[in-house]
Amino acid sequence: MHKSLVLLLAVYSSVAVAVTNNVYICNNKKSKSQVFSAVDTRFCACVKNTQTGFIKGVNDDDIKLISSSDCTGSYQKLGPNSEAKNTQWVNSFSYGKSAVAAQPSQMVQGIPAVNPVNQPWIWPLPQNWERGSNTVRVSKSIRFEGKGARQPIVVKAIKRYQDLIFKKEDYPMIPYNWSTTDNKPSRSSLSTVVIDIKSTGDHLDMDTDESYTLTVPVSGKAVLQAETIYGALHGLETLSQLVQYYQERRSFYIPNAPWKISDFPKYKHRGILLDTSRHYYAVQDIEKIIDTLSWNKLNVFHWHMLDSTSFPYVSKKYPELAAKGAYTPRHVYTARDITNIVQYAKERGVRVIPEMEAPGHSTAWGYGIPEIASCLNTQPYFGYTIQPPAGQLNIAHPKTKEVIYSLIDEWAELFSDSFFHAAGDEVIMKCWAEDPYITNHLQQTNQTLIQLFENFVLDMEDHVRQKNKTVMVWQEMLLEYNFTLPKDTVIQVWIGSEGVKEVTEKGYRTIVSAQNFWYLDLGFGRPRSNPYPEVQGAGFNHWNRVYSYDMRANLTTAESDLILGAEATMWGELADPNNVEDRLWPRAAAFAERLWSGYENPKGEALVSADAILRLLPWREHLVLRGVRAGPLNQGFCTRNPLDCFQPLNPNK
């Protein structure tokens with residue numbers, strides 16, 4: 001008799017398998033062969049569809065036929081002639097080949113993982129939540145019903161979430177701590193969610209109601225209620241995060257039922273700025289980022305499409321701008337691309353706000369229409385621009401206004417949102433002061449350069465307002481150039497957190513993007529291609545710094561009320577589609593919670609990073625499961641056992 005241990009298995013890849021003495025092989029036509037231990041209920045799942053399974057020992061004599069029609073039968077032991085019960089089986093197998101007994105291996109249990117689940121694993125944290133101690137199984141054929149479930153945008157969302165809800169990881173880095181809930185699931189299962197939406201419209205703007213309530217009982221139907229479809233979208237996301245995969249039972253459950261959640265955002269404007277000029281992002285790359293924005297309940301995609309480096313927009317009236325200003329004919333955005341992105345975002349509750357970078361940072365405009373540019377490609381560029389290449393719009397030439405007004409008209413139709421960013425940042429006066437066309441114009445009109453600049457930008461902003469848009473600008477317009485801006489102008493603060501106080505005390509509404517906290521592109525060195533060693537990089541804003549920043553600091557109540565929200569920024573010098581997700585996530589998720597959940601819960605209790613990290617760690621893992629290349633927050637051991645790692649730096653003090 002052949003005494004060597006040979007297993008013939010067909011597995012789809014080379015894997016490492018650790019098994020105990022009683023090992024069985026499930027083999028049928030509908031399932032790939034696998035190895036199971038005698039206590040592994042996956043064996044049933046493997047053979048239930050074919051009614052039969054085989055257990056094979058060392059010898060052909062040891063083959064046994066198992067009936068498994070209802071998955072309640074016991075496992076069959078190997079025949080007495082087999083030596084399997086005293087032999088440890090091989091630990092590696094290759095596709096289509098025999099695997100011969102090699103080194104013994106032990107069952108891998110894994111490093112313990114403990115997360116106390118002090119707060120719900122919901123990101124961002126809901127405003128109001130109550131939970132119980134029961135565990136409810138979730139049916140994989142869960143249905144969504146009610147009038148709200150039939151609205152077109154919700155119908156599409158349900159289809160997405162029927163997939164997202166049931167994503168699983170067999171061996172997660174952070175398994176759910178089932179000891180925090182009743183370990184005996186209720187006999188009933190959640191099979192129906194009723195969606196009730198009061199409004200039938202799909203208008204999306206800053207003042208759109210995004211609130212929702214979600215109740216999940218121990219038995220019966222879950223109910224999701226919202227004023228608008230966009231609140232319902234947030235409710236679906238929260239529901240998806242309540243569902244956890246129970247590895248030992250091979251099923252999906254909602255722990256700690258019943259749930260009662262009443263939720264709404266603290267701030268109306270919650271966004272990410274993405275620079276697609278310095279590095280180009282294909283439409284599908286942008287859409288993937290928008291998906292992740294929606295999962296984090298962010299609702300603004302600030303599209304910085306144009307800059308000195310490239311002009312990728314294909315204008316209907318001035319196609320030569322992209323023809324000569326884009327990197328290549330492939331690196332462009334057509335009107336159809338924009339329309340599709342705006343609609344894609346809307347279906348996920350995300351507004352798209354365009355930024356027309358002008359009159360600074362506009363070198364690329366001059367490649368297509370040279371007469372509208374000043375100091376175009378001046379070398380050396382030092383003193384003429386913040387970063388290469390040099391070039392700004394010629395603010396004295398009549399053609400410049402003609403072109404920019406036409407582009408505003410085109411964008412006003414393509415971008416449906418009521419906000420329109422008119423930029424106005426980082427202009428270099430030397431560029432204009434040395435332009436003969438501009439100096440002659442100043443002499444003829446008897447005005448100063450700063451007066452010409454102010455008139456240009458105010459006329460540009462007025463043209464935006466004529467399109468029924470709210471004007472956004474960068475802070476320099478108010479705090480550096482001291483222009484007299486209409487009070488309906490929204491000022492975006494970026495240079496430092498102190499600018500929030502300066503803007504709001506002047507009575508202007510603001511969007512906060514303080515670079516010392518919420519610039520996510522910083523910390524990777526300066527974007528210089530030359531080898532000068534004295535060039536230094538700015539500091540890295542790690543997740544806790546992002547989370548800990550309170551933009552209300554030193555503000556009065558009246559000044560705080562002028563904060564519409566905030567945007568974290570991803571400028572494009574050192575980010576492109578290959579690394580942008582790692583740069584954004586999960587730090588942008590930390591930012592998102594501050595904008596949605598705020599700084600205190602409704603009881604006035606502070607939301608602190610020590611609690612947040614216990615939820616951010618599993619949320620990062622969940623983002624990865626959804627296909628996001630989110631960066632790690634710590635080493636693997638600390639990811640699994642955060643309380644063992646997060647200790648005082650000086651425990652003796």
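**Figure 1. Contacts across the whole chain of the predicted model.** Among contacts in the protein between residues at least 6 apart in sequence, 72% link residues that are at least 24 apart. The model shown here, as in every view that follows, is a predicted one. The protein has 21 helices and 24 strands, and of its 653 residues, 53% are buried.

**Figure 2. The largest nonpolar core and a second, separate one.** The largest nonpolar core has 156 residues, and the members that touch the most other members are F144, I195, W303, W365, W518, M551 and W585. Helix α11 (residues 449–465) supplies the largest share of this core, with 8 residues. A second core, separate from the largest one, has 8 residues, including I353, M472, V490 and I511. In soluble globular proteins, nonpolar side chains tend to be buried together.

**Figure 3. The surroundings of I195.** I195 is among the residues of the largest nonpolar core that touch the most other members. With neighbours within four places in sequence left aside, the contacts of I195 include F144, E145, G146, K147, G148 and A149. Other contacts of I195 are V154, I158, L224, A232 and L236, and of these V154 and I158 are also listed among the buried residues of helix α2.

**Figure 4. Helix α2 and its buried side.** Helix α2 consists of 13 residues (residues 152–164), and because a helix is expected to advance 1.5 Å a residue, it should span 18 Å, which agrees with the 19 Å between its end C-alpha atoms. Its buried residues are I153, V154, A157, I158, Y161 and L164. These residues cover an arc of only 135° around the axis, and they therefore lie on the same side of α2. An α-helix has 3.6 residues a turn, so residues three or four places apart point the same way. The face of α2 that is turned away from the buried side carries P152 and K159, which are exposed. The cover over the buried residues of α2 includes the strands β9 (128–145) and β10 (189–197), together with the helices α3 (229–242), α4 (283–295) and α6 (335–346).

**Figure 5. The loop between β17 and α7, with a cis peptide bond and a positive phi.** A358 and P359 are joined by a cis peptide bond, with omega near 0°, and P359 lies in the loop that runs between β17 (351–355) and α7 (365–368). H361 is found in the loop between β17 and α7 as well, and its phi is positive, near 50°, although H361 is a residue other than glycine. H361 is buried, with a relative accessible area of 8%. Most residues other than glycine have a negative phi, and most peptide bonds are trans.

**Figure 6. A cis peptide bond at P380 and a positive phi at N446.** The peptide bond between Q379 and P380 is cis, with omega about -10°, and P380 is placed in the loop between β18 (373–374) and β19 (392–393). N446, which is not a glycine, has a positive phi of about 55° and lies in the loop between α10 (436–445) and α11. N446 is exposed, with a relative accessible area of 72%.

**Figure 7. Two aspartates, D275 and D521, and their contacts.** D275 belongs to strand β15 (residues 269–275) and is buried, with a relative accessible area of 0%. The C-alpha atoms of D275 and H304 are separated by 4.7 Å, although these residues are 29 residues apart along the chain. Leaving aside neighbours within four places in sequence, D275 is in contact with Y281, H304, M570, W571 and G572. D521 is found in the loop between α14 (515–518) and α15 (543–548), and, not counting residues up to four places away in sequence, D521 touches T569, M570, W571 and E573. D521 is buried yet has no salt bridge, and the nearest side chain of opposite charge, that of R587, is 7.6 Å away.

**Figure 8. Helix α18 and the glycine that follows.** In helix α18 (residues 587–597), 11 of 11 residues are buried. Among them are the charged residues R587, E593 and R594, along with F591, L595 and W596. G598 follows α18, and the phi of G598 is positive, near 85°.

Conventions:
Residues numbered from 1 in each chain as written. Predicted model: local features only at pLDDT ≥ 70, side-chain atom pairs only at ≥ 80, totals over all residues. Heavy atoms only, no water. Helix = DSSP H or I, 4+ residues; strand = E, 2+ residues; numbered from the N terminus. Buried < 20%, exposed > 50% of the residue type's maximum accessible area, 1.4 Å probe, protein only. Salt bridge = Lys/Arg side-chain N within 4 Å of Asp/Glu carboxyl O. Contact = heavy atoms within 4.5 Å. Core = buried A, V, L, I, M, F, W, Y, C linked by side-chain atoms within 4.5 Å. Expected span 1.5 Å × (residues − 1). Arc of directions from axis to C-beta.
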